Amino acid sequence: MREREQLKSGKGEASLKTRCDCSQISVGRLIHMLSHQLKRQKPLEEDIMGLTTMQSHVLRFLLLGSVNRDLYQKDVEEEFEIRKPTATGILQLLEKNGFIVREAVAQDARLKRIVPTEKAEALRGRIQENIQKAELELTEGIDPEELEACRKTLWKLFLNTKKLCQAEKDEIRRRT
């Protein structure tokens with residue numbers, strides 16, 4: 001309990017660095033710990049615009065991607081590797097808050113094109129700056145070579161996990 005209080009206050013950070021032998025922590029646990037820390041941080045976007053980090057990443061994708069082509073919910077699902085209900089929730093909140101509108105497509109009324117509003121367009125630069133600032137803070141003190149090795153390793157872990165999930169789905173289908 002005391003350790004948690006120290007970490008929350010920032011006082012325990014130095015002791016965590018010196019006593020932590022990360023080779024003794026499983027990869028899955030390290031990823032979970034990092035993910036949890038990232039979720040705990042109150043992002044600047046939330047303070048300024050009422051957006052969560054994920055919403056700001058999705059909005060950035062929509063702002064940049066919609067310049068060259070029409071975007072749909074399926075594009076968001078694929079870009080962020082999220083399931084349909086998750087994408088639906090994010091897009092509903094962005095729509096409710098006036099950042100996007102969904103327009104029916106002439107050839108298929110069920111298909112809704114996602115269009116950023118003027119309100120979203122006005123925030124384009126700020127969203128981009130906030131994401132870049134968060135990236136810089138996250139990677140502070142890490143050499144470019146270390147960062148590249150980390151990216152490659154994380155990508156391999158992602159692909160391994162994706163392959164494992166597909167194998168599990170295939171096994172379930174095979175049994176039924």
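## Close-up views of the predicted model

**View A. Thr-117 and the residues it touches.** Leaving out residues up to four places away in sequence, Thr-117 touches Gly-98, Phe-99, Ile-100 and Val-101. Do bear in mind as you look around that this is a predicted model. Thr-117 itself sits in the loop between strand S3 (108–116) and helix H8 (118–138). Is Thr-117 buried or exposed? With a relative accessible area of 16%, Thr-117 counts as buried, because the cut-off for that class is under 20%.

**View B. The chain as a whole, for orientation.** Nine helices and three strands make up the secondary structure of the chain. Read from the N terminus on, the elements follow the order α-α-α-α-α-β-α-α-β-β-α-α. The chain has 176 residues, and 22% of them are buried. Among the contacts with a separation of 6 or more, 48% join residues 24 or more positions apart. About 13,400 Å² of the chain is exposed, and 54% of that area is supplied by carbon and sulfur atoms.

**View C. The largest nonpolar core.** This core holds 20 residues, and the members that touch the most other members are Leu-59, Leu-62, Val-76, Leu-91 and Leu-94. At least two residues of the core come from each of helix H5 (53–65), helix H7 (84–96) and H8. Which element gives the largest share of this core? That is H5, with five residues. Leu-62 is a good place to pause: not counting residues up to four places away in sequence, Leu-62 touches Leu-71, Val-76, Leu-91, Leu-94, Ile-100, Ile-114 and Pro-116.

**View D. Glu-77 and Lys-74 in helix H6.** The whole structure contains 11 salt bridges, and this view shows the one in which the side chains of Glu-77 and Lys-74 meet, at 3.8 Å from N to O. The two residues are three apart in helix H6 (residues 73–80), so about one helical turn separates them. How do the partners compare, buried or exposed? Glu-77 is buried, at 10% relative accessible area, whereas Lys-74 is exposed, at 51%. For Lys-74, the label follows because exposed means over 50%. Glu-77 also has contacts beyond its neighbours within four places in sequence: Ile-82, Arg-83, Lys-84 and Ala-87.

**View E. The salt bridge between Arg-102 and Glu-95.** Here the closest N and O atoms of Arg-102 and Glu-95 are 3.2 Å apart. Arg-102 is partly exposed, with a relative accessible area of 25%. Its partner Glu-95 is also partly exposed, with a value of 33%. Both residues get this label because their values fall between the 20% and 50% cut-offs.

**View F. Arg-175 and Glu-171 in helix H9, and a salt-bridge network.** The side chains of Arg-175 and Glu-171 form a salt bridge, with N and O 3.3 Å apart. Both residues belong to helix H9 (residues 144–175), where they are four residues apart, about one turn of the helix. Arg-175 is exposed, with a relative accessible area of 62%, and Glu-171 is partly exposed, at 28% relative accessibility. Which residues do shared salt-bridge partners join into one network? Asp-70, Glu-103 and Arg-113 are linked in this way.

**View G. A nonpolar surface patch.** Val-27, Ile-31 and Leu-154 together make a nonpolar surface patch of about 240 Å². Leu-154 is the helix H9 residue to look for here. Leu-154 is partly exposed, with a relative accessible area of 42%. That value is over the 30% needed for a place in a patch, so Leu-154 passes this part of the rule.

**View H. Cys-150 and Cys-165.** How many disulfides does the structure have? The count comes to zero, with a disulfide taken as a pair of cysteine sulfur atoms within 2.5 Å. Cys-150 is partly exposed, with a relative accessible area of 37%. Cys-165 is partly exposed too, at 38%. For both cysteines the label follows because the values lie between the 20% and 50% cut-offs.

Terms used
Residues are numbered from 1 along each chain as its sequence is written. This is a predicted model: local features need pLDDT of at least 70, side-chain atom pairs count only at pLDDT 80 or more; totals for chains, interfaces and linings use all residues. Side-chain values use heavy atoms; hydrogens and water are left out. Buried means under 20% relative accessible area, exposed over 50%, partly exposed in between (1.4 Å probe, protein chains only). Contact means heavy atoms within 4.5 Å. A nonpolar core is a set of buried Ala, Val, Leu, Ile, Met, Phe, Trp, Tyr and Cys residues joined through side-chain atoms within 4.5 Å. A salt bridge is a side-chain nitrogen of Lys or Arg within 4 Å of a carboxyl oxygen of Asp or Glu. Patches are made of residues with over 30% relative accessible area and no salt bridge: like charges are joined within 9 Å, nonpolar side chains (Val, Leu, Ile, Met, Phe, Trp, Tyr) within 5 Å. Accessible areas come from the Shrake-Rupley method with a 1.4 Å probe; for residues, only the protein chains shown count as cover.
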